[in-house]
Amino acid sequence: MSDLGRKSNADKLGDKMQPDSSKSTLDKVGDSLTGAGDKVARDVVPDSQKSTSQSLSDKAGRTKDSHTGHNAPGQESLLDKAKDAVGMGNKHT
């Protein structure tokens with residue numbers, strides 16, 4: 001089950017299972033856009049306001065990103081910078 005406006009875990013798994021070589025350009029673009037939108041929602045909505053499965057999935061995604069070089073220490077994403085600018089970031093200044 002996914003939260004409103006989020007891609008379900010089954011849909012995400014299906015996207016990962018299908019090789020990129022068998023996808024059309026339109027499918028690849030769609031996957032990229034929905035994936036980016038999901039990452040924004042993952043980081044903007046607090047885990048306490050998500051379903052248990054969505055919260056666990058988002059935590060796993062953040063862990064994966066931290067181990068694959070996304071949002072490496074010292075390199076803030078544009079989303080992180082925007083959240084800091086409006087006072088929603090994790091910085092303690």
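What share of the contacts in the protein chain with a separation of 6 or more is accounted for by residues 24 or more positions apart? In this predicted model, the figure comes to 53%. The chain itself is easy to sketch: there are four helices and zero strands, and from the N terminus on the order is simply α-α-α-α. Of the 93 residues in the chain, 16% are buried.

A good place to start is the stretch ahead of the helices. Both Gly5 and Lys7 sit in the segment before α1, and they turn out quite unlike in accessibility. Gly5 has a relative accessible area of 74%, so it is classed as exposed. Lys7, on the other hand, counts as buried because its relative accessibility is 19%, with the cut-off for buried being under 20%. Each of these residues can also be placed against a residue further along the chain. For Gly5, the partner is Ala41: the two are 36 residues apart along the chain, and their C-alpha atoms are separated by 8.7 Å. For Lys7, the partner is Gly35, 28 residues along, with a C-alpha separation of 8.2 Å. Lys7 also has a side-chain link, since its side chain makes a polar contact with the side chain of Thr34 at 3.0 Å.

Next comes the pairing of α1 with α3. In general, two packed helices are described by the angle between their axes and the distance between the axes. Here, α1 and α3 pack at about 40 degrees, and their axes are 11 Å apart. On the α1 side, the contact is made by Asn9, Lys12 and Lys16, while α3 brings in Ser53, Gln54, Ser57 and Lys64. What is the make-up of this contact in terms of nonpolar, polar and charged residues? Sorted by type, the residues of the contact of α1 with α3 come out as no nonpolar, four polar and three charged.

Ser57, found in helix α3, gives a closer look at this pairing. Leaving aside residues up to four places away in sequence, Ser57 touches Asn9 and Lys12. Its relative accessible area is 22%, which means that Ser57 is partly exposed. Ser57 can also be set against Ser8: the pair is 49 residues apart in sequence, yet 9.9 Å apart in space from C-alpha to C-alpha.

The loop between α1 and α2 has its own lysine to look at, Lys23. Is Lys23 buried or exposed? With a relative accessible area of 10%, Lys23 is buried. A polar atom of the Lys23 side chain lies 2.9 Å from the backbone oxygen of Asp15. Asp15 also shows up among the residues that Lys23 touches, the others being Gln18, Lys28 and Asp31, once residues up to four places away in sequence are left out.

Finally, there is the pocket picture. About 770 Å³ of space lies in the largest pocket. It is lined by 26 residues, and those closest to its centre are Lys12, Lys16, Gly35, Lys39 and Lys64. Three helices each give two or more residues to this lining, namely α1 (9–17), α2 (25–44) and α3 (52–67). Which element provides the largest share of the lining? That would be α2, with nine residues. By residue type, the lining holds three nonpolar, eight polar and 15 charged residues.

Several names from earlier come back at this point. Lys12, Lys16 and Lys64, which are among the residues closest to the centre of the pocket, also take part in the contact of α1 with α3. Gly35, likewise listed close to the pocket centre, is the residue whose C-alpha is separated by 8.2 Å from that of Lys7.

Notes
Residues numbered from 1 in each chain as written. Predicted model: local features only at pLDDT ≥ 70, side-chain atom pairs only at ≥ 80, totals over all residues. Heavy atoms only, no water. 1 Å grid on protein atoms, 1.4 Å probe; cavity = no way out; pocket = protein on both sides within 12 Å on 5 of 7 lines; lining within 4 Å. Points joined across faces, edges and corners; volume = space filled by probe spheres on them. Nonpolar A, V, L, I, M, F, W, Y, C, P; charged D, E, K, R; others polar. Buried < 20%, exposed > 50% of the residue type's maximum accessible area, 1.4 Å probe, protein only. Polar contact = N/O pair within 3.5 Å; in protein donor to acceptor, adjacent residues only side chain to side chain. Axes fitted to C-alpha atoms, helices over the stretch in contact; angles between N-to-C directions. Contact = heavy atoms within 4.5 Å.
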